[in-house]
Amino acid sequence: MEIIIIGLLALAGYKFFRHTTRAGRETVRAYVYLEALKISGSHQSANQDADTIMRDLASDQMRNVALMAKHQLQAVHGGKQLPIIGYAYRCGMKTAMPAWYRNIALSAPQTMALEAAYGGTSATKAEVPQASKQPSVDDNYQAFYQSFADEVLRLSGRSGSELNIIDFMEDEPLQRAYRDSVDPLVLAASFCHKHGLTTERYQSYDNYYAAFTQELRRFATDTAQLRGWLEKADPARINSSFERGVHPRLAADGYFQFVTQH
């Protein structure tokens with residue numbers, strides 16, 4: 001059952017949702033899921049609705065839903081994405097984000113506005129205690145930072161005493177990356193590439209391509225999706241990244257951004 005958004009909405013001035021962030025798309029998924037769950041009462045049906053409507057990001061229905069979600073986010077939830085995403089997770093929505101992002105969203109406080117709007121659907125009793133046991137947002141940032149710092153040290157072949165991450169990168173950009181749901185491992189690879197710190201090298205294209213495939217696997221929901229992405233990938237572009245010394249994680253992330261926006 002697809003959600004039908006009632007009413008004609010003015011679309012002028014709004015960009016297609018395909019140009020927003022992954023976190024923004026997850027916010028719209030959460031909105032669709034919760035609205036569908038409120039109507040149908042079925043977790044399976046609500047997940048199907050959320051997946052179906054996200055398949056065509058340029059459709060009129062998608063643009064309408066994005067506008068409705070944006071309006072509710074600003075008017076009801078103070079523009080905060082994580083509480084509504086976390087609430088949807090607690091109510092049974094399947095995540096399209098990495099596990100670390102799901103944990104961050106689950107740690108976001110449950111607001112009275114969400115209870116008022118979707119209290120009838122509320123999270124299952126088994127899930128609520130788990131959410132309350134999630135670490136605080138500050139703890140999650142520390143975990144994000146530690147993942148980033150550890151990977152920088154690994155990629156650079158340095159020890160903590162040899163390389164002080166903060167000497168290279170101020171805390172605010174890291175905080176901003178954390179708020180924007182940037183993958184800390186991708187951020188670490190980008191950081192090392194920018195500062196010429198990467199010591200991890202691939203001697204042959206075959207080894208590089210194997211690493212590229214493993215990195216791309218992190219973004220895929222299943223083997224079939226990974227296979228489809230690899231079939232569409234341009235070997236010449238992957239080889240160009242190999243020859244230019246671009247870390248396969250950055251090549252995989254760039255390709256992932258491409259396939260999910262087109």
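User: Hello! I'd like to start with the inside of this protein. Which residues touch the most other members of the largest nonpolar core?

Analyst: Welcome! The general idea comes first: in soluble globular proteins, nonpolar side chains tend to be buried together. In this predicted model, the largest nonpolar core has 36 residues, and those touching the most other members are Phe 148, Phe 212, Leu 216, Phe 219, Trp 229 and Tyr 255.

User: Which elements give two or more residues to this core?

Analyst: They are helices H8 (137–156), H10, H11, H12 (205–217), H13 (223–232), H14 (235–243) and H15 (248–261). H8 supplies the largest share, seven residues. Another core lies apart from this one; it has 31 residues, including Ile 53, Cys 91, Met 97 and Ala 105.

User: Let me look at one helix, then. How does the span of H12 fit its 13 residues?

Analyst: Here you multiply a rise per residue into an expected length. At 1.5 Å a residue, H12 should span 18 Å, and its end C-alpha atoms are 18 Å apart, so the two values agree.

User: Which residues of H12 are buried, and which helices do they pack against?

Analyst: The buried ones are Tyr 208, Ala 211, Phe 212, Thr 213, Glu 215 and Leu 216. Their packing partners are H13, H14 and H15. You have met Phe 212 and Leu 216 already, among the residues that touch the most other members of the largest core.

User: What does the chain as a whole look like, in helices and strands?

Analyst: The protein chain has 15 helices and zero strands. Of its 262 residues, 44% count as buried. Its accessible surface comes to about 14200 Å², with 52% of that belonging to carbon and sulfur atoms. For contacts with a separation of 6 or more, 74% join residues 24 or more positions apart.

User: Could you show me a pair that is 24 residues apart in sequence?

Analyst: Gladly. Gly 86 sits in helix H4 (residues 82–90), and its C-alpha is 8.0 Å from that of Gln 110, 24 residues away in sequence. Beyond its neighbours within four places in sequence, Gly 86 is in contact with Ala 105 and Leu 106. Ala 105 belongs to the core of 31 residues.

User: Is Gly 86 buried or exposed?

Analyst: A residue under 20% relative accessible area is called buried. Gly 86 has 0% relative accessibility, so it counts as buried.

User: How many disulfides does the structure hold?

Analyst: Zero. As for individual cysteines, Cys 91 is buried, with a relative accessible area of 0%, and Cys 192 is likewise buried at 0%.

User: What is unusual to look for in backbone angles, and where is Ser 181?

Analyst: Most residues other than glycine have a negative phi. Ser 181 has a positive phi, near 65°. It lies in the loop between helix H10 (171–179) and helix H11 (184–194). With 13% relative accessibility, Ser 181 counts as buried.

User: Last one: what is the mean pLDDT of the chain, and where is pLDDT below 50?

Analyst: Read pLDDT as a guide to the predictor's confidence in each residue. The mean is 76, and 78% of the residues reach 70 or more. Over residues 1–20 the pLDDT is below 50, and this stretch has 38 contacts in the model beyond near neighbours in sequence. Residues 122–136 also stay under 50, with 19 contacts beyond four places in sequence.

Methods:
Residues numbered from 1 in each chain as written. Predicted model: local features only at pLDDT ≥ 70, side-chain atom pairs only at ≥ 80, totals over all residues. Heavy atoms only, no water. Helix = DSSP H or I, 4+ residues; strand = E, 2+ residues; numbered from the N terminus. Buried < 20%, exposed > 50% of the residue type's maximum accessible area, 1.4 Å probe, protein only. Disulfide = S-S within 2.5 Å. Core = buried A, V, L, I, M, F, W, Y, C linked by side-chain atoms within 4.5 Å. Contact = heavy atoms within 4.5 Å. Areas by Shrake-Rupley, 256 points an atom, 1.4 Å probe, with all protein chains shown as cover. pLDDT = per-residue confidence, 0-100. Expected span 1.5 Å × (residues − 1).
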